[in-house]
Amino acid sequence: MIPRMAIFYTRTQAADESESYSRQVEKAGIFSIVLSISIKVGIKRKLLCCGFSVDNKIRSCQFKMDIISFPNEVLCQILAYNNIEISDLHHLMLTCHRFHNLIRNSNEIWRQKFMIRWPRLHNELRNTENEMPWPEMVALRLKVVKYVEKALENFSAVSYPIGQPPIKLMDKLILGDSSFVLSAQFVEDELRELIYHHTHMLNENLTSRFYANQALGYVRRCRIQTMWQNFKAKPESEKSLLEGAMLISQWGQIDQEHLTSLSEVETILESIAQRVRQLADMKRDAIDAKTAIDDPRTVRKILNCLNQVLYDEMGFQGNKEDYYAHDNSYIDKVLQTRRGIPITLCIIYHEVAKRLGIQCEPVSFPQHFLLRWREHPHREAADSYTFIDAFNNGASHQPRSCPALIGQPRPNIHREAYSAVPAEQVFQRMVNNLIQCSRVHDDRPDSRRDDQRLRNQLHFSRLACVISPGQTPSVVAYAELCAFLGVQLEEAIQLLLSDEFSDEWTRVDFEPGHWERVRQITYTKCARKLSEQQSQTKNTAACHRPSSMRYAVGLVMRYSVGEELLRHTYTCVIVSWDAKCQASDEWISRMTRNLIRGRDQPFYYVLTEDGNAGYVAEDHLELHPGGAIINHADVGLHFEYFDGRRYIPNAAKRAEYPEDEVVALSLIEQ
């Protein structure tokens, strides 16, 4: 079949050569609809426009025209149509010199194609000041697709069974190789596409998606860390509370598809400020427009309007019911839910007030973050300030009433507690709040909580090291968690060996050299754990099946646990096995009491549908009758695809269990 391009439209009058360009575009439809295009080498140079529909119900050809006769402007409109893909443009460029030059030199056509294929990245690039060379951008973005695909395949080969690619490979993924320079922004976009835009579970490469998740987390951590370094380099007067708070929000939601940008939040805050201005204008008789903004009476009236908008109209309030939820610490989430904790509500209040010309200062009051503004300049020290409790409807307090907010008598509060603090202290407190939230709260309703709490603590401990790299206790806390969980060990070792690591944080209750000894001990733990993992990845031997083993890797199973009245049935997938139980004697005595064959039977490592993992006796397992998708974060570490009945092992898993494929197929076909 000869490949062709068909452009369908209705024409009622003959073409008039004297018609203006705009009329030609209108008659062309901009050709109404471009239904299909498939251009290849050797296509006929003459492309006809025919007036019949796709199902050929309208067969009369009302008009024919040689497409070459159309002006370049009209052709550009046609070629920019959504149905014409980037590959079609490449094919069309090979048909004749005119199309080659037209397409190659049209920046707008390539911009349109980039926008259709990668809309989010297009919007990010459009926000830059310089005009983009879109043909080059398309070529680079397509190159990134192949480069990332190859890199992820390599990750699996060198990282199994640990599933953590070495930092040098991660860095190479971001920076590219000697043949071309990559944009980390393009790499992040491709990883995001692989993770969040898969079309169907049966067609998805699970291993690529697993390592794409690993890589995306690393790429984003590096990007946000660089943004923090740039932020910290600014003079103190230029450090925005909102900008730092948004970097914390992005770090906390690093595994989400879309990270809310600073500009998006600024737009929301400006709309709130605009509503306060409108309300103040409505009360014009109560506010003297000629009074300076630093006049306390005017400021008080505007703050009253601000309170009315935030708390009465918009419903902002402290989240007393779920105080330790992580979302309470993310500015974008607080703006969305209108629930937060004192520090985030204070930042929002501070930012809206700033847009109204009012200077409020952050106060790191014990257990309850506050703002202050100088309402009584004639008074001395702290007494000249009024303190704002954004957590409780913007209530105003004098210094003597602040201790009551936390149930403390006035003598227990030091005078320093009423002072304004620099931005870095605000961010340190926010991160400490998130670490504390990770210890006492988790968003998961199941038994994954303990592991997830530790991982959340690790994640925010790493952020604490970024915000304040000289704080030795933060580095040690992060590295200890890395050693315990066996993750991010290379990053922990780099921090422990950093020049910024010092003994300056020794307090009076620690003898000299304490933190240096702690550093050495923690470094030894991390180095030993990393060495063990590297040995595992290099020495994975093939496992040969004993004849007594019934099931195989990749099979979807059911298993039941508990007594009869409290029996639970789980769906799981087998990821590995032992011919006999290899657990400790204590575990065996506790878990195998009700097994007929006891410990002398095959045991299987499984991943369960609720995100947990288990070590299950063969007596407790039965083949799932129809297969099922197992939503577990580590499925891609072991398997490449799900075929509807079983999981297909990836190359590394097949090499480890070479004989399981035949067994799995035979059991499914029975």
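A cavity is a set of grid points where a 1.4 Å probe fits but cannot get out. The exercises below apply this and other terms to a predicted model.

**Exercise 1. The largest cavity**

Task: State what volume the largest cavity has, which residues line it, and which domains supply them.

Solution:
- Step 1. Search the whole structure. Three cavities of 30 Å³ or more turn up.
- Step 2. Take the largest cavity. Its volume is about 40 Å³.
- Step 3. List the lining of the largest cavity. It consists of Trp228, Phe231, Lys232, Lys239, Ala423, Glu424, Phe427 and Ile467.
- Step 4. Sort that lining by class. Five residues are nonpolar and three are charged, while no polar residue appears.
- Step 5. Assign helices. α10 (206–232) and α16 (423–440) each give at least two residues to the lining of the largest cavity.
- Step 6. Assign domains. Domain 1 (136–233) and domain 2 (238–409 + 416–430) each contribute at least three residues to this lining.

**Exercise 2. The second largest pocket**

Task: Find where the second largest pocket lies relative to domain 1 and domain 2, and describe its lining by class.

Solution:
- Step 1. Start with volume. The second largest pocket has about 770 Å³.
- Step 2. Turn to the lining of this pocket. It has 24 residues, and Glu124, Arg223, Gln250, Leu259 and Ser261 lie nearest the centre.
- Step 3. Sort the lining of the second largest pocket by class. There are six nonpolar, eight polar and 10 charged residues.
- Step 4. Trace the helices. At least two lining residues come from each of α6 (119–126), α9 (184–196), α10, α11 (241–252) and α12 (262–282).
- Step 5. Place the pocket. Both domain 1 (136–233) and domain 2 (238–409 + 416–430) give residues to the lining, so the second largest pocket lies between them.

**Exercise 3. The two sides of α4**

Task: Decide which residues of α4 are buried, which are exposed, and what the buried ones pack against.

Solution:
- Step 1. Pick out the buried residues, those under 20% relative accessible area. In α4 (residues 97–105), Phe99, Leu102 and Ile103 are buried. They span an arc of only 90° around the axis, which puts them on the same side of α4.
- Step 2. Recall the helix repeat. With 3.6 residues a turn, residues three or four places apart in an α-helix point the same way.
- Step 3. Look at the other side of α4. His97 and Asn105 are exposed there.
- Step 4. Find the packing partners. The buried residues of α4 pack against α2 (72–79), α3 (86–93) and α5 (107–117).

**Exercise 4. Burial in α19**

Task: State how many of the eight residues of α19 are buried, and name them.

Solution:
- Step 1. Count. Six of the eight residues of α19 (residues 489–496) are buried, and the helix is mostly covered.
- Step 2. Name the buried residues of α19. They are Leu489, Glu491, Ala492, Ile493, Leu495 and Leu496.
- Step 3. Set this against the protein. Of its 670 residues, 47% count as buried.

**Exercise 5. Backbone exceptions**

Task: Locate the cis peptide bond between tyrosine 160 and proline 161, then place two residues other than glycine with positive phi, glutamine 367 and asparagine 393.

Solution:
- Step 1. Recall the background. Most peptide bonds are trans, and most residues other than glycine have a negative phi.
- Step 2. Check omega. From tyrosine 160 to proline 161 it is near 5°, and the bond is cis. Proline 161 sits in the loop between α7 (134–159) and α8 (167–175).
- Step 3. Check glutamine 367. Its phi is near 65°. The residue belongs to the loop between β7 (361–363) and β8 (370–373). Glutamine 367 is exposed, at 59% relative accessible area.
- Step 4. Check asparagine 393. Its phi is about 60°. The loop between β9 (386–389) and β10 (395–397) holds it. Asparagine 393 is partly exposed, at 48% relative accessible area.

**Exercise 6. Glutamate 361**

Task: Describe the surroundings of glutamate 361, starting from its place in strand β7.

Solution:
- Step 1. Establish exposure. Glutamate 361 has 24% relative accessibility and counts as partly exposed.
- Step 2. List contacts, leaving aside neighbours within four places in sequence. Glutamate 361 touches Leu370, Leu371, Arg372, Tyr385 and Ala420.
- Step 3. Take one C-alpha distance. Glutamate 361 and phenylalanine 387 are 26 residues apart along the chain, with 9.4 Å between their C-alpha atoms.

Conventions:
Residues are numbered from 1 along each chain as its sequence is written. This is a predicted model: local features need pLDDT of at least 70, side-chain atom pairs count only at pLDDT 80 or more; totals for chains, interfaces and linings use all residues. Side-chain values use heavy atoms; hydrogens and water are left out. On a 1 Å grid over the protein atoms alone, a cavity is a set of points where a 1.4 Å probe fits but cannot get out, and a pocket is an open set with protein on both sides within 12 Å along at least five of seven lines; lining residues have an atom within 4 Å of a point. Grid points are joined across faces, edges and corners, and a volume is the space filled by probe spheres set on the points. Helices (H or I, at least four residues) and strands (E, at least two) are DSSP runs, numbered from the N terminus. Ala, Val, Leu, Ile, Met, Phe, Trp, Tyr, Cys and Pro count as nonpolar, Asp, Glu, Lys and Arg as charged, and the others, Gly among them, as polar. Domain bounds come from an automatic or database domain assignment. Buried means under 20% relative accessible area, exposed over 50%, partly exposed in between (1.4 Å probe, protein chains only). The arc is that of the directions from the helix axis to the C-beta atoms. Contact means heavy atoms within 4.5 Å.
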